[in-house]
Amino acid sequence: MAYLKKYKDVDPGFSVDVWYTPDFPHWFNEYLSHFSGYDIPGLPLLTTIKDIGAESHKYYFNTEVVEINPISMDSVRTAPPKGYEIVAVESLEELKSKGILDPQPFEVDQNQRDSLVSVVKPYPQKYTGGSPFKTPWAKVQQGEKMSYIDSKGAYQFDEILHEHQAVESDNTEVKTSNEKDNSTTLYFVHRNNKVGLVNAEDGTWLLPAEYDRIEKTRIPLFEIFVGGKMGYIDDWGSIVLPAHYDDAIPLDGNTYFAVKESEKWGVYSKEKNDIVVPIQYDKLDYCGGCGSKPDYVYALLDGKWGIVSFENKTLLPFEYEFPGHQGMRSGNWVSNLTKENRELIINIASGKEYFEADYQESKLVNGFLALKKGGKYALVNSDGAQISDFEYEGIEGLYDRFYDGNYIVVKSNQKAGVIDSAGEILIKPDLYHSITLRDKLFFIGHNEEKRTTGLHDLSGNMLVEPNYEHIYTRNMEIKGGSLKGTQLFGVEQNNLMGWYFREEGKRIDLTYSGIKLYHTPDSLQSYMLVEQKSRAVSEQVVKGLMDLYGKKLIPITYDDIEFVTASLFKVKKEGKYGLFDIETSIEVLAPDYLYISKAEGSESLLKLTKPREEQYRVSWWNVEQQEPLDLDFLEVLASGRDPLLIVSDTTGSFLYDWKKGQIVSEAYDFILSFKHGLALTSKDGKYGFIDEMGQEVIPALYDKIYTNAEGYKLLTLQEYTKRWKTIYTTPEGFPLTSKEFYSEDPPVELSQHEVNEDGFQIKEFNRRRGKDLYGLLSHLGEILVEPQYDEVKSIANGKAYLVKNDNYYGLLNANGKELIPLILDEVYAGDIWHSWYSRDETPVHFPLLARIGKDYFYIDQEGELLPFRLAEAIEF
């Protein structure tokens with residue numbers, strides 16, 4: 001009889017699969033002294049111990065036992081656990097010859113498999129083929145006919161005509177996008193010879209299949225046709241114009257439509273869901289290309305043209321000719337009608353007509369009508385009011401050609417001025433030869449004789465007197481702090497620049513070759529970065545820093561200047577960097593360094609890097625004390641946590657509190673900077689983590705450690721058995737579960753373990769199967785799926801798990817509960833040619849296409865089968 005003893009030093013993760021003999025009685029263990037023999041006082045017990053290795057575990061077989069009276073061996077034997085049996089063997093070789101120690105293949109439960117077959121077989125073979133549900137639908141085939149079904153197996157439509165990407169629309173226009181990341185996929189589909197629109201992501205019908213055809217237009221609308229009538233829908237299938245009309249044309253995008261019935265035209269309003277201009281006109285025309293859409297249409301009635309508003313008011317009577325569409329515009333001016341073949345301009349607001357023959361010139365300029373008589377111009381505003389006499393020798397616009405504005409330039413005695421739409425003179429025509437509008441905020445006046453410019457606000461107030469060649473306004477507004485929104489003005493004369501601080505009544509003299517308003521990263525402080533040409537090197541520019549009032553903060557001697565802290569600026573000279581304190585006006589650190597940067601995770605330290613050829617390449621600067629931080633270590637690194645540094649000497653690496661001047665951790669081979677509140681450590685080739693107090697949260701005992709983006713950790717070490725023990729922890733380093741996992745092969749990167757947003761893939765060696773098997777562990781530490789599968793895959797957007805052992809598949813729900821045992825021959829979680837993966841990464845949906853034997857069928861999210869079979873799998 002072979003006796004098996006499992007000693008304390010044997011891998012605790014190992015479990016005995018076959019029971020060979022009862023355990024030794026308890027009194028035997030009490031007198032256990034050594035492996036070569038056992039001493040029991042008064043009675044010798046002769047034993048022969050053999051060490052036999054199997055699958056990296058040690059078994060100890062006692063092949064000779066001297067019975068000790070009066071104890072009967074029958075009384076000390078214990079029955080094996082249920083399901084196990086006693087096997088009499090003479091050697092390990094005999095165990096192997098009987099196959100007891102060999103890895104066993106997965107054994108499918110044939111009863112369960114037969115039971116499922118008995119359920120599937122009676123189902124009718126409704127289709128000759130079916131695809132996975134790559135959308136809320138699956139494609140099915142019956143002979144030559146293709147169609148699509150929903151998750152209940154109900155017929156939905158016959159054909160997907162084309163795919164469309166739609167995005168949300170605002171109140172005025174429909175927006176479309178071909179970027180799938182920002183849009184929703186819709187399908188135009190055929191159903192019983194009619195066309196409709198469906199949402200490919202949730203399966204809803206956006207437009208019922210009631211239309212003969214649907215066609216895309218040049219604008220983001222679709223034409224719909226049914227029974228010889230037409231209408232329009234928007235991106236999402238919402239009807240913006242019912243299909244009730246012989247013809248229809250969008251006027252302003254998707255709000256007003258010209259509609260035709262019985263050869264007559266009218267206007268339909270989407271907002272009012274009704275006709276707003278009666279269908280009684282022979283023709284309509286509209287300025288659809290105008291930037292500002294008009295609220296009226298040109299209409300033809302009884303051979304004459306007039307203008308009708310969308311409120312059905314006649315704005316111009318029907319007494320004009322309409323030579324053509326050119327010259328269309330919005331607003332109150334109409335310039336492309338004629339009256340009795342006479343060209344004219346009409347003001348809709350006043351109804352007044354201005355015939356071209358009555359003036360030397362008539363022209364529309366930015367919403368103003370300029371009329372010329374006797375060599376002089378008068379102006380009429382957009383309301384039809386004359387705002388000046390015939391007194392100006394010229395009129396010039398301030399805006400783009402088709403833009404109607406509130407201001408216009410007038411010329412008198414070869415000088416330019418500005419008047420507004422009420423006729424008020426804002427800038428008299430006595431100072432400038434030309435005036436421009438900058439950013440619709442300022443008037444810039446140009447005096448060509450003096451070659452100077454002046455600056456005015458929109459009320460005509462002088463902001464900068466015309467004493468300068470150039471005035472700069474762009475990028476000169478203070479972004480933050482108490483002066484947020486204050487506008488400064490840069491000025492230039494004879495290639496020298498200065499600036500105006502108008503609110504403070506300050507003007508900084510013209511002494512610089514360049515200026516730039518400089519904001520700190522938080523925008524709370526603003527300075528003026530100034531430039532001058534170097535006196536020492538031709539063509540070289542040097543820089544300095546001024547406050548906004550003109551006080552010099554950093555002398556103009558540096559190649560570049562960059563903000564570091566509230567008072568410290570990094571200054572550059574001849575390719576090297578130093579530090580300048582603007583509060584004390586002192587260069588506290590000479591520009592001798594290749595780099596100066598903030599220490600990672602610290603606002604109190606700066607990292608100083610000297611050229612490689614110098615003895616100490618990296619040093620540190622104490623920002624608070626404005627002095628070097630002298631540390632007697634071979635190496636000093638930022639830790640990512642203030643006030644901690646990672647320091648090294650000949651004995652190892654430590655965490656060092658530089659403010660206290662204390663080492664706060666034990667020595668390690670190396671320490672990395674803090675991530676998620678912990679720092680990775682290494683000692684003797686093993687890894688662990690310490691916290692900000694230097695205390696070990698995870699001892700440096702592990703061979704490999706992986707951390708994902710959220711900070712969850714995988715810790716693993718290879719034990720003497722050669723198995724890998726793996727532990728999962730929270731970002732803070734606490735175990736997710738008390739269970740430890742033992743595997744034959746080492747784990748890989750933790751990111752590769754993430755099967756979905758809920759958890760990680762775990763693996764554990766299975767003695768019976770002779771290999772690592774996989775399961776799932778949630779972020780909360782719950783084992784969702786025990787590690788008992790060859791493969792585990794999250795499918796259907798995390799709603800289920802597909803599991804596999806050898807060539808059999810099963811399904812688990814999102815909580816790890818078994819829906820279908822491991823009895824399926826195939827489950828199509830991807831393409832039909834590679835069922836486990838999808839080439840286009842499109843997720844499958846429930847119901848899932850599966851196969852058992854030669855029968856294909858669908859399984860819903862509850863593990864129930866749709867009541868029909870398919871002959872084969874086809875592509876979606």
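Select Ile419 first, and you will find that this residue stands opposite Ile425 in strand β37. What you are looking at is a predicted model, and this first stop shows how one strand is paired with its two partners. Strand β37 covers residues 425-432 and pairs with β36 in the antiparallel sense over 3 bridges. The two strands form a hairpin with 4 residues between them, and Gly423 in that turn has a positive phi of about 90 degrees.

Now select strand β35, residues 407-412, which runs antiparallel to β36 and is joined to β36 by 6 bridges. Lys411 is a good residue to label here, since its bridge partner in β36 is Ala416. β35 and β36 also form a hairpin, this time with 2 residues between them, and Asn413 in the turn has a positive phi of about 55 degrees.

Before leaving, colour the whole of β36, residues 415-420, by accessibility: are its residues buried or exposed? The strand is mostly covered, with 6 of its 6 residues buried. In a regular strand the side chains alternate between the two faces of the sheet. In β36 one side carries Lys415, Gly417 and Ile419, while the other carries Ala416, Val418 and Asp420, and the residues on both sides are all buried.

Move next to an open sheet of 4 strands, whose order is β62-β63-β64-β65 and whose pairing is antiparallel. Its edge strands are β62 (670-675) and β65 (696-702), each of which pairs on one side only. From one strand to the next, the twist averages 15 degrees. Inside this sheet, select β63 (residues 678-683) and β64 (residues 686-690), which run antiparallel and are joined by 5 bridges; Leu680 has Phe689 in β64 as its bridge partner. Then show the side chain of Lys683, whose charged end sits over the ring of Tyr668, 4.8 Å from its centre. A similar arrangement can be found by selecting Lys216, whose charged end sits over the ring of Phe222, 5.2 Å from the ring centre.

The next stop is aromatic rings, of which the model has 34 pairs. Select Tyr256 and Phe310, which form a stacked pair with 3.9 Å from centre to centre and 20 degrees between the planes. This pair links distant parts of the chain, with Tyr256 in strand β20 (residues 256-261) and Phe310 in the loop between β25 (304-309) and β26 (314-320), 54 residues apart. Both Tyr256 and Phe310 are buried. Compare Tyr298 and Phe322, whose ring centres are 5.2 Å apart and whose planes are at 40 degrees, so this pair is tilted. Tyr298 is buried, and so is Phe322. For a group of rings, select Trp137, Tyr148, Phe157, Tyr187, Trp205 and Phe876, which form one aromatic cluster.

Finish with the largest nonpolar core, which has 24 residues; those touching the most other members are Leu116, Ile795, Leu811, Leu824, Val827, Phe857 and Ile859. Among the elements that each supply at least two residues of this core are α4 (110-120), β76 (808-813) and β80 (855-859), while β77 gives the most, with 4 residues. Centre the view on Leu824 and, leaving aside its neighbours within four places in sequence, look for its contacts, including Arg113, Leu116, Tyr809, Ala850 and Phe857.

How values were computed:
Residues numbered from 1 in each chain as written. Predicted model: local features only at pLDDT ≥ 70, side-chain atom pairs only at ≥ 80, totals over all residues. Heavy atoms only, no water. Phe/Tyr/Trp six-rings, centres within 6.5 Å; stacked < 30°, edge-to-face > 60°. Buried < 20%, exposed > 50% of the residue type's maximum accessible area, 1.4 Å probe, protein only. Lys NZ or Arg CZ within 6 Å of the ring centre and 35° of its normal. Core = buried A, V, L, I, M, F, W, Y, C linked by side-chain atoms within 4.5 Å. Contact = heavy atoms within 4.5 Å. Pairing = 2+ DSSP bridges. Axes fitted to C-alpha atoms, helices over the stretch in contact; angles between N-to-C directions.
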